[in-house]
Amino acid sequence: MKLLPAALGLVLVLLLVLNPNGVEARPAPTDGHQKKQSSNTFFVFGDDFADNGNLPLTDPVTEMSRQWAYPYGSGYVDADGFPRPNTPSGRFSNYKIQSDFIATMLGLEEAPPPHARTAEKTCDPSGMTFACGGAGVFDSISNDVPTLANQVQTFKKMVKDGTITENQLGRSVALVAFSGNDYASTGVIGLSNPNDINAYIGKVTKEIAANVEQLQKIGVKKVLVNNLHPIGCTPSQTRNNNYTTCDIFGNLGASIHNSNLKQVMEVKKNVHIVDLYTAFTNIVDHASGKGSELSKQFKRKMSPCCESLDSKGYCGQQGESPSELLYNVCDKSNKFFYWDDMHPTHAGWEAVMKQLEKPLRGFIDQD
């Protein structure tokens with residue numbers, strides 16, 4: 001899930017940063033929460049940073065379905081404020097994720113329901129989530145996981161057949177949230193020339209821009225687009241140094257992606273880049289006890305709350321029997337920024353979105 005530096009000698013290091021084992025998804029609240037009335041509708045596209053239930057539950061639980069099993073959702077709080085510690089909801093976290101916090105800014109209770117768990121020919125008044133764990137702009141984890149273009153095409157069909165109404169489009173805000181799965185693909189690993197890898201990054205960002213343009217042509221009024229977080233600071237990349245320092249090549253790659261994304265987006269109207277890179281860096285790229293007040297609340301900034309026993313394993317992994325747990329879970333998730341190898345905790349996302357709330361609200365509220 002990482003990017004490349006601009007020198008041949010760094011390519012192999014970078015390709016390690018692009019380790020496919022880092023791909024994940026996330027959990028938060030769904031059933032039982034009463035929807036608020038809102039003047040906005042919300043449509044969510046992307047990967048596991050925004051999936052709230054589109055990947056299916058499987059038996060037995062696998063790496064791609066762990067978001068439906070404990071300990072995911074272990075920080076869930078019901079609509080009346082009571083903890084429900086074993087309520088996984090298809091999100092890759094212990095409770096809420098980014099799209100839930102943005103939904104709150106839009107006057108909604110939580111992110112709109114997932115497409116896969118919505119009855120055919122229907123759309124919730126709050127909107128719909130098309131994002132799917134493991135998805136990429138071009139390359140997804142499997143053929144069953146829709147790329148960005150596939151997600152946008154499904155949305156387009158629902159607009160065309162009237163399932164999504166003109167009234168909903170007239171009040172619409174979209175989020176495009178991709179966290180780097182394209183850079184963990186075999187297509188990138190097969191590249192050996194830094195110029196080729198840079199060209200691939202440009203191809204990815206141009207495809208994001210093309211799909212944003214498509215959303216606007218369909219009728220979406222405002223579009224939020226995530227830039228890449230500092231992927232070199234994720235637990236999957238810091239585990240080898242005992243979660244002490246970020247991988248500079250991973251962060252350099254994210255910076256290259258973000259620079260390209262800014263160039264292709266700055267000419268577009270009614271599009272706002274959500275600066276995850278800065279918001280994450282303000283928290284995780286500081287020594288313990290240093291940084292902003294938001295950063296100081298996390299005693300563990302690069303180590304995961306839920307850690308697999310095997311470096312190639314995953315949070316929630318079980319052995320041959322359900323009682324054999326191949327992971328450890330922290331006692332105080334609010335002191336950890338990361339929930340698992342790639343995804344923030346509820347507290348982590350809350351701290352990130354608190355930094356971004358003012359510019360987001362300014363963009364959403366502007367005429």
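**Exercise 1.** In this predicted model, decide whether D161 is buried, exposed or partly exposed.

*Solution.* Start with the value: D161 has 40% relative accessibility. Next, recall the cut-offs: buried is under 20%, exposed is over 50%, and partly exposed lies in between. D161 therefore counts as partly exposed.

**Exercise 2.** Find the salt bridge that D161 makes with K121, and locate both residues along the chain.

*Solution.* Look at the side chains first. K121 and D161 meet with N and O 3.0 Å apart. The cut-off is 4 Å, so the pair qualifies as a salt bridge. Now place the residues. K121 lies in the loop between α2 (98-105) and β2 (127-129). D161 lies in the loop between α3 (148-160) and α4 (166-169). They are 40 residues apart, so the bridge links distant parts of the chain. Finally, check the partner's surface: K121 has a relative accessible area of 57%, so K121 is exposed.

**Exercise 3.** Which residue forms a salt bridge with R91, and are the two buried or exposed?

*Solution.* The partner is D100, with the closest N and O atoms 2.9 Å apart. Both R91 and D100 are buried.

**Exercise 4.** Explain why E213 and K217 are separated by about one helical turn, then describe their salt bridge.

*Solution.* Both residues sit in helix α6 (residues 194-218). They are 4 residues apart, which means about one helical turn between them. Their closest N and O atoms are 3.6 Å apart, and they form a salt bridge. E213 is partly exposed at 34%, whereas K217 is exposed at 63%. Last step: look for further partners. K268 joins E213 and K217 in a network of salt bridges.

Conventions
Residues are numbered from 1 along each chain as its sequence is written. This is a predicted model: local features need pLDDT of at least 70, side-chain atom pairs count only at pLDDT 80 or more; totals for chains, interfaces and linings use all residues. Side-chain values use heavy atoms; hydrogens and water are left out. A salt bridge is a side-chain nitrogen of Lys or Arg within 4 Å of a carboxyl oxygen of Asp or Glu. Buried means under 20% relative accessible area, exposed over 50%, partly exposed in between (1.4 Å probe, protein chains only). Helices (H or I, at least four residues) and strands (E, at least two) are DSSP runs, numbered from the N terminus.
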